[in-house]
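Dear colleague,

Here is the structure I promised to pass on to you. Please have it open while you read the notes that follow.

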Amino acid sequence: MGGKQDQDEEAYGEAEGWGRSCTDIICCVLFFVFILGYIAVGILAWVYGDPKQVLYPRNSTGAYCGIGENKEKPYLLYFNIFSCVLNTNIIAIAQNGLTCPTPQVCVSSCPKAPWTVESRQFSQTVEQVFYAADRKFCLPGVPGNMQVLQSLQQELCPSFLLPSTPALGRCFPWTNSTVPELPGISNTSISQSISGLLDSLSARDISVKIFEDFAQSWYWILVALGVALVLSLLFILLLRLVAGPLVFVLIIGVLSVLAYGIYHCWEEYRLLRDKGASISQLGFTTNLSAYRNVQETWLAALIILAVLEGVLLLMLIFLRQRICIAIALLKEASRAVGYMMSTMFYPLVTFALLLVCIAYWAIIALYPLPTWLTRPEYVFWAPNSSLPGCEKVPMNTSCDPMEQVNSSCPGLMCVFQGYQSTGLAQRSLFNLQIYAVLGLFWTINWVLALGQCVLAGAFASFYWAFHKPRDIPTFPLGSAFLRTLRYHTGSLAFGALILTLVQIARVILEYIDHKLRGAQNPLTRCILCCFKCCLWCLEKFIKFLNRNAYIMIAIYGKNFCVSAKNAFMLLMRNIVRVVVLDKVTDLLLFFGKLLVVGGVGVLSFFFFTGRIPRLGENFENPQLNYYWLPIMVCILGAYLIASGFFSVFGMCVDTLFLCFLEDLERNDGSADRPYYMSKSLLKILGKKNKGTPGDKKRKK
């Protein structure tokens, strides 16, 4: 009898850890070794990394502004900022760390007034024109007795200054500044460049107004989010009462919309038929709106809608029992959530763990290789390489900034390009960054898998409790969490690794597509598109398979491969029930999200726009600069809250569904193998129990 009893306990899936053992131990060890390496990478980045490359700007020599010898010079001034904003876009500048092909110097303060070198000053010295007038904007080491013309030709000093304001440690011109006359550049293009640059990087006034709006409305935003939380919770808890009527109302609504569409298409078709408007008279045209005025268009739409209406009616007739089962499972899921309210707030744990994973990776990414492991690189650069005298100059080749540039090419200079990108240190950095990206994907997928398995274990303990709620464990969520970590870390890591490899392959394919976009032919585009489509489908399938595998792991405690195979075969044997339940659940959850987000959005709109009269002094709407800002925050927050709650409910439905299918296949309602499903499900299926699980043990 002992072996039979063990078989019963496995079949009933009482998720209490009886007879469980650690699964996928090899993958568990591999995951822990990888995490140790990931921690080592983080320690290396923290100890040897150089965050100054991200926090501080650098001048043309590669020195940082605001620290060290430039401690009193925290801002970076571009000699000719239009050389970058007129020849490229702001996204490319940002990706290159806001570096531009023009001399850059650290300054103590940005220029306050416009100024341009006059022709009569060319023969004067740098001391007279710049230093004596407190214009300390030349490159370091420029002698005061050098002629201004020579300093301008070598681009050691700026030829003009614009009133600027510091933003991100750089001096950017004002939008309303008087622009000097510059050769080859129109004032209109300069003004547009300044305006676009400041709109992208220094929207100070808008930022202040946004901050003021948040300061005035933050507590009302929290109230709106609280309303979203309550609405989401009430919707889930009330599904046990209204799931049936709500599903049928939604189905009738869909049928009614299709019926009205059929009626409207018929009226339009009849009207155009009487007028004699036919597609033969119109012919072929690229003006798609013209097809609205021919009878064949409405006839085709009429046929399509009629076919859809007929298919839905036939599905309702032949799948009515399965729809009733889906509704009963939704009600049972609502009961399960009601008995285990703590599960609704588990997404907060998942969110916190995801935040830790992303923050840890961000720290590694923001701590680049230290400058003492590399050397700066300088290259030849000229404002216009097509001018006479520049043909033979090897542009973008290495040069020595300490040597004087002697060339007939106008404006030729040796500029700082960056730090060495080749060598052992750089290859090591690249490999560590790849390791960090792999760690980001793997840890994120493992955290998501942990959440799914923990929730599945908690909801499985509800289903396999014969007397509900008496047989439900005292702390089902905590027990499932500890049990999952103790026994199934390796299985979760296995599933997460498979998904991670597919996602990394998609990232690599997107990178290749981005790099070859300008040179690829139509055949290459088609092949890449097919590969991306296949990988997208593969990722969706693996997510579906992993989700159900984690449920089977939570129920039976088997390894990942066995659980995935059993879950897949079980679902394939009940494919019609799977489709019906999936669509009914999607319909209900979509309606729930629409109700929560729409309700909070409408309420926020009427409140923040002052359209709710007689609220009293304590409930007056705040005076805002942009009333749409808190409204959008409330809508986004409500969507995130509803998605978090409904994701838990969706996991509950999927878990109970797999348990229900297992219950049907393994049990027969006898005293030895009674059904664990609810009485409503037994009634729908026309089955009943002849005993309880305890009857056999008492007889023994």
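Lys-468 lies over the face of Tyr-463, at 5.8 Å from the ring centre, and the charged end of Lys-468 also sits over the ring of Phe-462, 5.4 Å from the centre of that ring. Please keep in mind, for this and for what follows, that the model is a predicted one.

The aromatic rings also pair with one another, and a search of the whole structure finds 22 aromatic pairs. One of them joins Phe-34 and Trp-442, whose ring centres are 5.0 Å apart and whose planes stand at 55°, so the pair is described as tilted. Because Phe-34 lies in helix α2 (residues 25-48) and Trp-442 in helix α15 (residues 424-463), this pair ties together parts that are 408 residues apart in sequence. Phe-34 counts as buried, because its relative accessibility is 9% and the limit for that word is under 20%, and Trp-442, at 2%, counts as buried too.

A second example is the pair of Phe-345 and Phe-645, which is edge-to-face, with 5.9 Å from centre to centre and 75° between the planes. Phe-345 belongs to the loop between α13 (320-339) and α14 (346-365), while Phe-645 belongs to helix α21 (residues 628-666), so here the parts that are tied together are 300 residues apart in sequence. Is each of these two residues buried or partly exposed? Phe-345 has a relative accessibility of 36% and therefore counts as partly exposed, whereas Phe-645, with a relative accessible area of 5%, is buried.

Ring pairs also link residues into a cluster, made up of Phe-31, Phe-32, Phe-34, Tyr-38, Tyr-360, Tyr-435, Trp-442 and Trp-446.

Turning to a helix, you may like to check the length of α20, which has 34 residues (575-608): at 1.5 Å a residue it should span 50 Å, and its end C-alpha atoms are 48 Å apart, which agrees. Just after α20 comes Gly-610, which takes a positive phi of about 70°.

Lastly, there is Ala-63, which you will find in the loop between α3 (52-55) and β1 (75-78), and which counts as buried because its relative accessibility is 17%. If neighbours within four places in sequence are left aside, Ala-63 is in contact with Pro-57, Arg-58, Glu-69, Asn-70 and Cys-106. The C-alpha atoms of Ala-63 and Val-105 are separated by 9.3 Å, and these two residues are 42 residues apart along the chain.

With best wishes

Technical notes. Residues numbered from 1 in each chain as written. Predicted model: local features only at pLDDT ≥ 70, side-chain atom pairs only at ≥ 80, totals over all residues. Heavy atoms only, no water. Helix = DSSP H or I, 4+ residues; strand = E, 2+ residues; numbered from the N terminus. Expected span 1.5 Å × (residues − 1). Phe/Tyr/Trp six-rings, centres within 6.5 Å; stacked < 30°, edge-to-face > 60°. Buried < 20%, exposed > 50% of the residue type's maximum accessible area, 1.4 Å probe, protein only. Lys NZ or Arg CZ within 6 Å of the ring centre and 35° of its normal. Contact = heavy atoms within 4.5 Å.
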